[in-house]
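I opened the model today to look up a few things. These are my notes, in the order I took them.

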Amino acid sequence: MPASSELDGIIARVALGDRSAFRNLYDRSSAKLFGVVLRILKDRHDAEEALQDIYVKIWQRAGQYRPDNKSAISWLAAIARNHALDMVRARRPATRDIDAAFEIEDDAPNPEESAIRTGETGRIDLCLRKLEVDRAEAVRLAYLDGFSYQDLADRFGVPINTMRTWLRRSLLKLRDCLS
Amino acid sequence: MGAGPSVPDEVLAAEFALGLLDAAAHQLAEQRIISDAAFKSKVEFWQSHLAELDAEVEPVTPRPLYAGIEARLFAPKSASLLERLWNDLRVWRGVAAGALAVAVLVVGFAALVPGLQTGRTGETYVASLAADQSEAKFLALYDAAAGEVRLTGVSGESVAGKDYELWIIPEGKNPISLGVVPIAGTATIALANNLKSYANPSSVLAVTLEPSGGAPGGIPTGPVVAAGSLAAV
């Protein structure tokens with residue numbers, strides 16, 4: 001990825017309607033954003049359609065980007081990810097939250113730590129490693145692969161309500177670690 | 001997902017940021033972000049931490065798509081006219097925002113526009129209308145007391161078989177035609193009563209080049225040759 005400050009300048013020029021800057025932005029960011037949407041949508045054709053819509057949005061929203069809030073690539077990735085998730089959500093049937101009750105009691109803690117991603121240094125990575133491997137994986141599957149609770153329940157072979165309770169509890173732990 | 005009342009906001013914010021909420025709940029959460037600053041900051045907490053996971057996504061080169069994107073944004077037929085109009089206006093708005101430009105225009109304007117008197121009651125707004133890659137430039141003045149827009153062509157040529165047409169574009173609304181206008185000289189356009197409330201700084205005036213007699217169907221079809229937002233004098 002190009003240096004973030006460099007992307008900041010390019011986005012600023014895009015906001016002023018500079019088409020050559022937009023081309024430059026596309027060249028520098030499209031593979032990353034395509035990676036983001038392909039991982040969520042799984043289908044190459046769908047992902048290509050989505051990517052075009054995403055760059056139309058980026059052109060239109062470039063003026064809203066504020067470099068002090070987040071890095072340029074995070075801002076771009078968020079637009080891509082939200083667009084892909086909107087597509088996935090639109091296809092999904094509405095879920096019924098049968099277990100509106102949020103059960104907080106803990107089940108067998110088995111703090112087997114994930115040592116797989118040793119290259120990562122981010123805070124979230126450190127905190128995810130403190131969760132059980134399965135649960136950290138569930139967070140990643142939701143964020144990076146656009147898994148729904150139902151998808152996660154299927155993947156881990158548990159009822160959806162169990163999945164919810166599981167993940168919500170993990171999210172609270174994660175929050176405490178991140179804070 | 002009707003996340004029950006017993007789901008803490010921290011968890012709801014995380015579920016929103018992860019994309020786990022279904023369409024209806026997601027939409028509800030989006031509305032809450034707008035109205036509830038505490039919830040918004042919880043969501044942002046998660047979004048900023050989760051964004052670190054973006055680094056785990058491997059880049060994948062898509063097939064060449066740029067031409068299609070460019071066509072959708074910039075080619076005359078492929079993007080909807082409204083979309084292009086907004087893009088053009090957005091660019092122009094940024095450029096034209098300077099108060100200096102407005103001040104210079106107003107000084108020059110009184111001399112150009114007959115019938116403009118200072119000291120009359122009612123708001124007065126001016127707009128300078130221009131666009132990239134277009135020679136056509138106009139000055140517009142809205143005199144609320146008279147309920148009239150006075151438009152003066154400053155530069156640009158008439159085009160055989162075409163007419164310039166003036167539009168007012170209220171924020172978030174479709175362009176509304178104010179009729180065909182001359183490129184040279186001044187036109188006075190009385191605003192219909194239902195349009196007067198749109199004559200304010202949130203609206204944009206734009207001129208498009210249309211078939212002779214104006215855009216058929218009251219929807220702009222030609223290129224935006226000049227545009228600018230209204231500013232109070």
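**Entry 1: the contact between the chains.** I began with the term I needed: buried area is the accessible area, taken with a 1.4 Å probe, that two parts lose on being put together, summed over both. I kept in mind that this is a predicted model. For chain A and chain B I read a buried area of about 5,100 Å². Carbon and sulfur atoms carry 62% of it. I then looked up which three residues of chain A give the most to this area. They are Gln52(A), Arg89(A) and Tyr143(A), which supply 13% of what chain A buries against chain B. I also noted who takes part: 64 residues from chain A and 47 residues from chain B.

**Entry 2: polar links across the interface.** I looked up the salt bridges between chain A and chain B and found 5. One I wrote down joins the side chains of Glu48(A) and Arg63(B), with N to O at 2.7 Å. For polar contacts across this interface, I found 17 residue pairs, both residues at pLDDT 80 or more.

I next asked which helices of chain A supply at least two residues each to the side that touches chain B. My list reads α1, α2, α3, α4, α5, α6, α7 and α8. The largest share comes from α2(A), with 12 residues. I sorted that side of chain A by class: 33 nonpolar, 20 charged and 11 polar residues.

**Entry 3: the fold of chain A.** I counted 8 helices and 0 strands in chain A. Along the sequence the pattern is α-α-α-α-α-α-α-α. Of the 179 residues in chain A, 50% are buried. I checked contacts in chain A with a separation of 6 or more, and 60% of them are between residues 24 or more positions apart.

**Entry 4: the disulfide.** How many disulfides does the structure hold over all chains? I found 1. Cys127(A) is joined to Cys177(A), S to S 2.0 Å. Cys127(A) sits in helix α5 of chain A and Cys177(A) in helix α8 of chain A, so the pair ties together parts 50 residues apart in sequence. I looked up the handedness too. The torsion about the S-S bond of Cys127(A) and Cys177(A) is about -80 degrees, so this disulfide is left-handed.

Are its two cysteines buried or exposed? Cys127(A) is buried, at 3% relative accessible area. Cys177(A) has 22% relative accessibility and counts as partly exposed, because buried means under 20%.

Note on methods
Residues are numbered from 1 along each chain as its sequence is written. Chains are lettered from A and ligands numbered from 1 in the order in which they are written. This is a predicted model: local features need pLDDT of at least 70, side-chain atom pairs count only at pLDDT 80 or more; totals for chains, interfaces and linings use all residues. Side-chain values use heavy atoms; hydrogens and water are left out. Contact means heavy atoms within 4.5 Å. A salt bridge is a side-chain nitrogen of Lys or Arg within 4 Å of a carboxyl oxygen of Asp or Glu. A polar contact is a pair of N or O atoms within 3.5 Å; within protein, one must be able to donate a hydrogen and the other to accept it, and residues adjacent in sequence count only if both atoms are side-chain atoms. Helices (H or I, at least four residues) and strands (E, at least two) are DSSP runs, numbered from the N terminus. Ala, Val, Leu, Ile, Met, Phe, Trp, Tyr, Cys and Pro count as nonpolar, Asp, Glu, Lys and Arg as charged, and the others, Gly among them, as polar. A disulfide is a pair of cysteine sulfur atoms within 2.5 Å. Buried means under 20% relative accessible area, exposed over 50%, partly exposed in between (1.4 Å probe, protein chains only).
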